[in-house]
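Visitor: Could you take me through the salt bridges here, up close? I'd like to know which side chains pair up and how buried or exposed the partners are.

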Amino acid sequence: MKSQRHRRPRSGRILVDYLKSIFFAVFLAVLIRATLVQAYHIPSGSMENTLMEGDYVLGDKLTFGTQIPDRLPVLNYKLPSFRLPGFRSPKPGDLVIFEYPQDPSRDFIKRCIAVEGQTIEIRNKIVYVNGKPFVNPSGVKFMDRRTQPKRYSPRDNYGPYLVPPGHVFVMGDNRDNSDDSRFWGPVSLDRVKAHPLLIYFSWNSGAPLWNPFVKIRWRRLGMVQ
């Protein structure tokens, strides 16, 4: 009887230790996701060929300032939000992850083209910032040879537009197939969440499932953005 009385407390301590370990692991994972890095999925081709549909990227939350989550995903309940200061603000050429202004529950990834105080203008698909041509990164592409007049669409002819304080003007690298600031305006810095670091996985939805050498884009894994 004496030995049994000693076993029960020991079993209880083991269970408590396991629960503590699980709680600490979950707490650490939530803390890292909220303040350091977070995984994001590319659902469309608006950033081709820089980011492809089916890419999964890790976003660095420290560079532009950590946005502490303001919503409980299970209860969909709003909480007071705040942002820790970052090392710097986005600059032209940076990739930025942000809350879609027209639907904050969705995250978008685009390229910063201009920042506050800069004037952006698009003339026949050529982007100008403060009167100088914007140097396109290698991933930028155009799929439509036609040029749309400004009176029909802001896609190919836009502005001039002065980016207001506390905002950035963003565009997709797939310039003819991107829903971006040309259509719904600049993005507030309060909505900027992260900077894409690297591609940790890439899934080709159009490839046959039985062929992992094609289904997974192996060459894209680890690519730094």
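Guide: Here's a walk through some of the pairs, one at a time. Keep in mind that this is a predicted model. The count comes to 15 salt bridges, and I'll pick out a few.

Start with R88 and D94, which form a salt bridge with their closest N and O atoms 2.7 Å apart. The two ends sit in different settings: R88 is partly exposed, at 32% relative accessible area, whereas D94 is down at 9% and counts as buried, because the cut-off for buried is under 20%.

Now hop over to R123 and E121, whose side chains meet in a salt bridge at 3.1 Å, N to O. R123 counts as partly exposed with 37% relative accessibility. E121 has 21% and is partly exposed too; that's the label it gets because buried would need a value under 20%.

Last stop: R146 and D144. Their salt bridge has the closest N and O atoms 3.1 Å apart. R146 is out in the exposed class at 60% relative accessibility, while D144, at 15%, counts as buried. This pair also belongs to something wider: salt bridges with shared partners link K125, D144, R146, R155, D156 and D176 into one network.

So if you're turning the model around on screen, try R88 with its buried partner D94, then R146, the exposed end of its pair, and from there follow the network that takes in K125, R155, D156 and D176 among its members.

Conventions: Residues are numbered from 1 along each chain as its sequence is written. This is a predicted model: local features need pLDDT of at least 70, side-chain atom pairs count only at pLDDT 80 or more; totals for chains, interfaces and linings use all residues. Side-chain values use heavy atoms; hydrogens and water are left out. A salt bridge is a side-chain nitrogen of Lys or Arg within 4 Å of a carboxyl oxygen of Asp or Glu. Buried means under 20% relative accessible area, exposed over 50%, partly exposed in between (1.4 Å probe, protein chains only).
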